[in-house]
Each structure stands twice: as structure tokens, then as C-alpha cells.
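Colleague: I should be grateful for a close look at a single part of this model, namely the largest nonpolar core. Please set it in the context of its surroundings.

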Amino acid sequence: MRHVILAALIFACSAFADNVFFHHHWTLWKDAEVLIWSADKNPAIDPKEFCLSLKRNNTGIGEPKCRLAGEWERDSIAMRYANWLVANMDGNVKAEHLRARHPAMVAKIQSVEDRLVLFIGEREGSIFAATFDENNVEPVAAGVFTGTKDKIALGDKIASAFFDGSAKRRLSKEERAKRLTEPDESYKEIPGFQGWASVAIGYSQAKIPLTPNNWYSSHINSRVRGYRITKDSVSLWNFIDDSDPQIAVYLGGTWYGFIGAELMYRYAYHEVKTDPQDTIYRELSYWGFHQHEVGLNVILSKTYTPIKWFKATPFAFIGFQYSFFVEDIGLKDNHKKPSKAYDVRIKFEDSYKGALVGFGSHFVFLNHYGLGLRAGISSRGRNIEEDPSPEAAAEPTTIGSSTIDCFVNLGLEYHFSM
Amino acid sequence: MVIRLHFAICIILMCILCGCSPSYQWHQSHPSYRKAPTDSIAVTGLDDAFVVTRSSWFAKRLEISKDSIQTFTSHFCAKTFLTELRKSYASVTVIPDAVINHFPEESQKLDTRIFMKGHLPEQGIVVKDSAGKAPAYILIIHEFILGTDLQRENFFDYALLHNEAPEKKTSKNLTAIVSYTLWDNEKQRPLYSAVNQFDQPNMNLSLSDIERIVSTAVKQITQNLTSGVQ
């Protein structure tokens with residue numbers, strides 16, 4: 001019982017205390033014309049004082065002009081709606097429950113243009129306030145305030161509850177007319193062509209996550225003896241380090257936000273995995289391969305715009321690439337003449353041809369500046385430029401004909417549309 | 001552990017199945033609907049609400065001429081409706097349709113795709129009965145569709161509205177679909193709006209079958225008005 005009384009007391013107090021029922025986003029115009037609309041003969045706030053309250057509360061609001069909405073107060077439909085609003089506003093209701101239903105009233109609210117309408121009504125000693133803008137047929141903000149004779153104090157309270165936030169410059173007649181012809185942001189068509197350039201850093205390794213180690217262990221653990229000997233030579237990762245950083249450059253574009261293509265260039269440096277116990281390498285200062293790859297990807301993507309200034313474009317890509325491994329080798333200064341094994345050391349193919357497949361996403365801020373994240377698998381195989389000869393079976397196996405790795409890239413992007 | 005896993009799988013499957021089939025919400029309560037009418041209520045819409053969808057089928061079964069079947073069933077149903085309503089409320093006032101019909105017709109949203117149309121009094125105008133009194137609650141019957149094997153979504157889901165009716169009409173059940181609003185006359189707001197469907201196995205159609213389905217509808221409506229209180 002005691003709880004019930006306490007709850008009732010709290011409820012009674014809260015019913016009379018200041019309480020904002022809802023406050024949706026609305027455009028606060030600078031130097032606005034504020035219409036104060038009330039069904040009461042003597043409205044609870046004074047237009048002139050309210051203008052001063054607005055200026056005191058929000059310095060960015062400029063020089064507002066406040067007046068009573070005489071035209072609304074002479075309209076019987078608007079007055080009926082005003083009386084209805086006073087009777088129906090309470091903490092339970094949402095904005096949609098306070099919607100104006102009469103077509104004439106709806107038209108009236110929609111013709112507010114860049115004026116601000118503040119509704120004031122009194123019920124049982126409390127002052128109910130609501131604001132309207134041209135885009136909604138229901139109040140955009142509503143609340144209740146403790147009834148007081150002090151019109152200035154009440155004006156201050158209402159101004160701070162509903163009229164905070166940054167004010168926008170009012171548009172000229174021409175600008176408004178132009179804005180009306182502009183397409184709605186929500187229905188904005190995807191540009192015909194969206195291009196991007198990207199510089200990315202990344203990392204690649206032979207082991208593909210979530211696959212068994214024994215698929216790769218023989219390649220990864222392999223060492224090169226005597227400049228050319230390994231257990232097998234099917235993968236280049238038998239000879240050179242597989243896990244290395246890489247840099248990449250992408251230049252691409254999508255048409256109609258759906259299908260696209262991109263050119264790519266990637267660079268990495270891989271050291272040769274010489275066997276440290278092999279004394280023959282004592283003459284060697286360094287030995288590695290510069291990996292250059294150029295390729296072309298086809299992209300399928302879809303763009304989502306959760307916020308006006310942010311776009312996310314997840315995509316999947318598939319493409320082909322040419323890989324070139326440029327050897328970089330040097331002897332120590334005191335070894336002028338290399339060993340015989342050095343002269344007949346392993347040679348890679350001039351180029352490898354492979355495929356790559358993967359997925360990723362562009363995250364674009366303010367239409368231009370983006371971050372790109374992607375991951376994928378790429379392969380390098382034999383680059384067959386002529387038909388295999390009938391003696392193909394007798395030819396030695398191509399070194400590195402199945403060199404597969406996976407990669408992940410993070411890039412800085414610049415996007416542009418045409 | 002295994003049982004718990006099976007239980008979880010069952011729950012997930014049920015959720016998927018529920019998610020696949022379209023489910024609608026057929027009623028809407030105003031957040032300030034705190035008290036249902038108990039002893040007195042006004043009702044309106046009874047003059048025009050009743051519609052028979054298969055007039056020739058009904059005319060043949062009831063042995064009434066096809067020209068007068070709409071008028072006849074409309075009067076009969078309205079009378080039954082009132083008789084049944086008087087059993088639930090001590091005082092029932094009838095407000096002629098004309099009082100409400102001059103207000104613009106509006107759509108009320110019950111669910112994403114479910115909209116019911118009807119005339120609602122204007123905001124700020126209190127409706128009065130013929131004696132000049134303003135009843136607190138008005139039950140506005142927008143539509144009372146009587147037919148066989150009807151589905152309410154075909155009438156109220158805007159995505160299905162233009163579907164062609166199947167060629168072969170069946171008559172396993174006598175169906176009544178009612179759309180109505182409980183109107184708060186003091187504050188001029190819809191307190192409870194709903195579309196209800198009633199199916200009754202159809203043996204050999206007689207007037208008592210129609211009487212029975214209208215009575216069921218009224219009983220259910222009065223129950224719904226109570227259960228709709230927030």
C-alpha cells in the first residue's frame with residue numbers, strides 16, 4: 001500500500017513537472033519567423049519576451065521575429081485541432097498519435113515553409129507546448145511545463161527545451177524553389193560511374209586460415225641447399241619466405257554501383273630460405289626476390305548508405321595476375337669469385353600467371369575519402385604462351401607452378417564519381 | 001546437455017518457421033486506452049456496414065430474390081447485432097451513419113501492410129446522439145463483410161488487394177470479417193481498432209446461421225474491447 005501511495009505521489013509530481021514527451025530532429029532556421037499559436041485568449045508566453053528568450057538560450061539563432069499566429073487563430077479547423085491537442089497531449093502518446101487528420105489542417109501545417117510554429121495550450125494549470133515544421137503533419141517536439149504567471153521564465157524553459165541546436169540559414173525564395181526540384185536524398189540514384197584510387201599496405205602468407213597445417217608445412221619448412229636443392233619445387237614457398245608485408249596500388253571503378261573492374265599492382269620482397277648449416281652460403285651477403293604483380297579484377301558490389309555522410313560498399317572480386325620475381329643477390333666483399341653452385345643456382349620462370357579471388361569493403365566518408373579492407377587468395381602458375389610441345393611430358397617440371405598464398409590489405413582510398 | 005541442444009534447435013527452427021510465414025497484427029490500441037466501456041456504449045455504421053459478397057449464392061440458399069438480398073441481410077444483421085450488443089451493455093445508443101459519414105474517410109494502420117478504411121469524427125468535434133447527448137464511447141463499425149471462405153488479408157493487406165479471386169468459389173465455412181473502431185468521443189481519438197475474422201462451418205445456410213455468426217462476432221468484439229486495454 002505504501003508503495004502504491006509513493007508511486008502515486010511520484011506520478012503526481014512528475015505530471016506537473018517539466019517533461020519533454022518527444023523531441024525529434026527538425027530544422028531550426030536562423031533569423032526565423034516564430035508563430036506562437038494558442039487556443040487561449042491570453043497565451044502563456046509573450047511573443048516579444050519569447051524572442052529574447054530564444055536569443056538568450058541560443059546565440060546562433062540570429063534575430064528571430066515572434067508574433068501570434070493570428071491567421072491560425074481565426075481558422076475554426078485550426079482552433080478545433082488546437083483544443084484537441086491540449087486535451088490529448090500527455091506522456092503516453094507518441095508524435096503519431098497527435099497527427100493532424102483534417103485535410104485542411106494538414107495543408108496548413110505543410111504551408112508553414114521556413115517559419116517555426118510553437119503551439120501553447122493550458123490544461124489543469126500545466127502549460128503544454130509543441131512545435132511544428134513543414135515536413136510533418138504531427139508535432140516534431142512536445143512537452144509539458146509547470147504553469148506559471150512568469151511569462152519570461154516559461155519562455156526561457158520552452159526555448160531551452162525545444163530551440164537548442166545549431167540554426168540553419170533561411171533559404172531565399174529561389175533556393176527553396178530549387179530545393180523542391182532537387183531529388184530526395186533517400187531516393188538518390190547511384191552515380192553512373194564511381195571510381196577510386198587506393199594505396200594499401202598488407203600482409204600475405206602461404207597458410208590459409210582455417211585449413212590444416214600439413215597442407216603447407218612441407219613448403220614452409222623447406223630450406224634451399226646448395227643454391228638449388230629442395231625436396232620439391234612445385235611451390236615457390238619451398239625457396240622463399242612466404243609471410244611478408246606487401247604494398248599495393250589499386251585503380252578501379254564500378255558502374256551503377258553494381259559491377260566494376262580494377263587494375264592492381266602489388267609489391268613484396270621475399271628472402272630465400274637458405275639452409276644456415278650449408279657452408280656454401282658463407283660467400284653470400286644477401287639473396288632475395290622482389291615480387292611484382294599486376295592484375296585485373298572484376299568486382300561485384302553493393303552500396304549501403306546508413307548515414308548521409310557515410311557509405312559502405314561490400315564487394316567480391318575475381319581476377320587474374322602476372323607475377324614477376326626479380327632476383328636480388330650479392331656476395332660478400334671478400335668473395336670476389338663465386339662458387340660453381342652460385343653460378344648454377346635456381347632460376348625462377350620469367351613470369352607466372354595466376355588467379356585471385358576475395359572479398360572486402362570500401363568505407364567511404366563524405367563521398368570521397370575512404371578506407372578499403374580486403375582479403376583474398378591468389379595463385380601463381382605456369383604462364384603458357386605457346387601450345388605445349390608433344391614432348392611436354394619429357395620436359396622438366398616448372399618451378400613454382402602451384403604457388404598459392406592468401407593476403408589481407410588495408411588501404412587509403414580516394415573516391416570520385418562521374 | 002543433448003536435450004538442451006535439441007531444445008535450442010527446436011526453438012531456432014520454430015523461429016525460422018514463424019519468420020517465414022507472414023503474420024499480421026490485426027488490432028491497435030491507443031497508449032492512453034485505460035478503461036473499456038462497461039455499461040453504456042453508442043454504436044454507429046450499422047446502416048451501411050453489412051455487405052454480402054456472394055449475393056446470388058446467399059439469395060438462392062435463403063430463397064430471397066437476388067435484388068433484395070443485400071437490403072434484407074443488412075437489416076437482419078443490424079438487428080441481430082444490436083440485440084446481441086444490448087446483452088453486453090445496459091445502455092446502447094444508435095447513432096445514424098449520416099452523422100459520421102460526412103467526415104473524411106481515413107486509413108488506420110494496424111500493421112506494416114494492413115490498413116483499414118473508415119470515417120472517423122474530426123478532431124475537436126464531439127458527436128451527439130439524436131437526444132443531443134454526447135456518449136463517451138462510440139463503436140464505429142466500418143465494414144461487416146459476410147461471405148464464404150474469405151480471408152481478411154485479401155481485403156486489408158494492400159499487397160494482396162488486387163489479387164484475382166480464385167475461379168472456383170468454395171463454401172466450406174461461412175465467414176464474417178468485421179473492421180471496427182472504439183472511438184473516444186470526449187477526446188476524439190481511436191482507442192481500439194481491429195479487424196476480426198469469424199469462420200463458422202457451413203452446413204445448409206439458413207437465417208439462424210447468419211444470426212449465430214453475427215452474435216459470435218459481437219461477443220468477440222466486446223471481449224476484444226476489454227482485452228485491448230493498455
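Modeller: Two residues are taken to be in contact if their C-beta atoms, placed from the backbone, lie within 7 Å. The model is a predicted one. The largest nonpolar core comprises 51 residues. Those with the most contacts inside this core are Ile36(A), Trp37(A), Leu85(A), Leu118(A), Phe119(A), Ala129(A) and Ala130(A). In general, nonpolar side chains of soluble globular proteins tend to be buried together.

Several elements of chain A give two or more residues to this core: the helices are H2 (47-57), H4, H5 (103-110) and H6 (151-162), and the strands are E2 (33-38), E4 (116-123), E5 (126-132) and E6 (141-146). The most is given by H4(A), with six residues.

Ala130(A) offers a view from within. Leaving aside neighbours within four places in sequence, Ala130(A) is in contact with Leu85(A), Met89(A), Phe119(A), Pro139(A), Ala141(A) and Ala142(A). Apart from the largest core lies another, of 46 residues, which includes Ile41(B), Val52(B), Leu182(B) and Ala217(B).

The boundary between the chains brings one helix back into view. Here 13 residues of chain A are in contact with twelve residues of chain B. On the side of chain A that touches chain B, helix H4 (residues 76-88) gives the most, with six residues. By class, that side of chain A has five nonpolar, five polar and three charged residues.

As for chain B, its secondary structure consists of six helices and nine strands, and 30% of its 230 residues count as buried.

Notes. Residues numbered from 1 in each chain as written. Chains lettered and ligands numbered in written order. Predicted model: local features only at pLDDT ≥ 70, side-chain atom pairs only at ≥ 80, totals over all residues. Helix = DSSP H or I, 4+ residues; strand = E, 2+ residues; numbered from the N terminus. Buried ≥ 20, exposed ≤ 12 C-beta atoms within 10 Å, placed from the backbone. Nonpolar A, V, L, I, M, F, W, Y, C, P; charged D, E, K, R; others polar. Core = buried A, V, L, I, M, F, W, Y, C linked by C-beta atoms within 7 Å.
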